[in-house]
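Thanks for sharing this one. Here are my notes, set out point by point so that you can follow them with the structure open.

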Amino acid sequence: MRISAIEVQSFRSYRENRRIEGLKPGLNVLAGDNEEGKSTLLRAVKAAFFDRYRSTVGERFQPWGHAVSPRVLIEFEFAGSSYTLEKVFSRKKDGGVRLTSGDQRFDDEA
């Protein structure tokens, strides 16, 4: 699997939409000063792939003092196919997960 882009919005220190793209095969380095969000970005990737979107876990991802629904979008390639995974963490109706590849689309529990 190769990740090509990461997008986060309302996820911990990322209050605004932030997109990292142009990731290439091999080693990619995230560099920056302390408290610029490097670990948060990696936590968002982990959350997108492994955390439930409709649980209280999403509340831990909200920026301090903001009652919003954190969102993570990952574009990646696996076994020769391109995918987009989008996950919105919330116990409300706006929470959900979507995986798309070409004309195939899987939402929520599918």
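1. Let me begin with a side-chain contact worth finding in this predicted model. The side chain of Arg 71 makes a polar contact, at 3.1 Å, with the side chain of Glu 7. A second polar contact, of 2.7 Å, joins the side chains of Arg 71 and Glu 86. Arg 71 is thus a good residue to centre your view on.

2. Is Arg 71 buried or exposed? Arg 71 has a relative accessible area of 15%, and because the cut-off for buried is under 20%, Arg 71 counts as buried. The residue belongs to strand 3. Once its neighbours within four places in sequence are set aside, Arg 71 is in contact with Glu 7, Val 8, Gln 9, Asn 17, Glu 86, Lys 87 and Val 88. Two of the names in that list, Glu 7 and Glu 86, are the polar partners described above.

3. Next, the strand pairing around this spot. Strand 1 and strand 3 pair in the antiparallel sense, over seven bridges. Within that pairing, Glu 7 stands opposite Leu 73 of strand 3, while Val 8 stands opposite Val 72 of strand 3. Strand 1 also pairs with strand 2, again in the antiparallel sense, over four bridges. There, Val 8 has Arg 18 as its bridge partner. Val 8 is therefore a handy residue for following the sheet across, with Val 72 in strand 3 and Arg 18 in strand 2.

4. In what order do the strands of the sheet lie? The sheet is open and built from six strands, in the order 2-1-3-4-5-6, with antiparallel pairing. Strand 2 and strand 6 (104-107) are at the edges; each has a single partner strand, so one side of each has no neighbour in the sheet. On average, neighbouring strands of this sheet are turned by 10 degrees against each other, direction ignored. As a reminder, strands of a sheet pair through backbone hydrogen bonds, either parallel or antiparallel.

5. Two backbone angles deserve a look. Most residues other than glycine have a negative phi. Ser 10, however, has a positive phi, near 55 degrees, and Ala 79 has a positive phi too, near 50 degrees. Ser 10 sits in the loop between strand 1 (2-9) and strand 2 (18-21). Ala 79 sits in the loop between strand 3 (71-78) and strand 4 (81-88). Their surroundings contrast: Ser 10 counts as buried at 11% relative accessibility, whereas Ala 79 counts as exposed at 73%.

6. Now to the aromatic rings. How many aromatic pairs does a search of the whole structure find? The search finds five. One of them is the stacked pair of Phe 11 and Phe 61, with 4.6 Å from centre to centre and 25 degrees between the planes. This pair links distant parts of the chain: Phe 11 is in the loop between strand 1 and strand 2, Phe 61 is in helix 2 (residues 57-61), and the two are 50 residues apart. Both Phe 11 and Phe 61 are buried.

7. Phe 49 and Phe 50 form a tilted aromatic pair, with 6.5 Å from centre to centre and 55 degrees between the planes. Phe 49 is partly exposed, at 26% relative accessibility, and Phe 50 is exposed, with a relative accessible area of 67%. Ring pairs also bring Phe 76 and Tyr 83 together with Phe 49 and Phe 50 in a cluster.

8. Finally, the chain as a whole. There are two helices and six strands, and from the N terminus on the elements run β-β-α-α-β-β-β-β. The radius of gyration is 14 Å, close to the 13 Å that the globule rule gives for 110 residues, so the chain is as compact as a globular protein of that length. Taken along the principal axes, the C-alpha atoms fill a box of roughly 40 × 40 × 20 Å. Of the 110 residues, 35% count as buried. Among contacts between residues at least 6 apart in sequence, 50% join residues at least 24 apart.

Terms used: Residues numbered from 1 in each chain as written. Predicted model: local features only at pLDDT ≥ 70, side-chain atom pairs only at ≥ 80, totals over all residues. Heavy atoms only, no water. Buried < 20%, exposed > 50% of the residue type's maximum accessible area, 1.4 Å probe, protein only. Pairing = 2+ DSSP bridges. Axes fitted to C-alpha atoms, helices over the stretch in contact; angles between N-to-C directions. Polar contact = N/O pair within 3.5 Å; in protein donor to acceptor, adjacent residues only side chain to side chain. Contact = heavy atoms within 4.5 Å. Phe/Tyr/Trp six-rings, centres within 6.5 Å; stacked < 30°, edge-to-face > 60°. Rg over C-alpha atoms; globule rule 2.2 N^0.38 Å.
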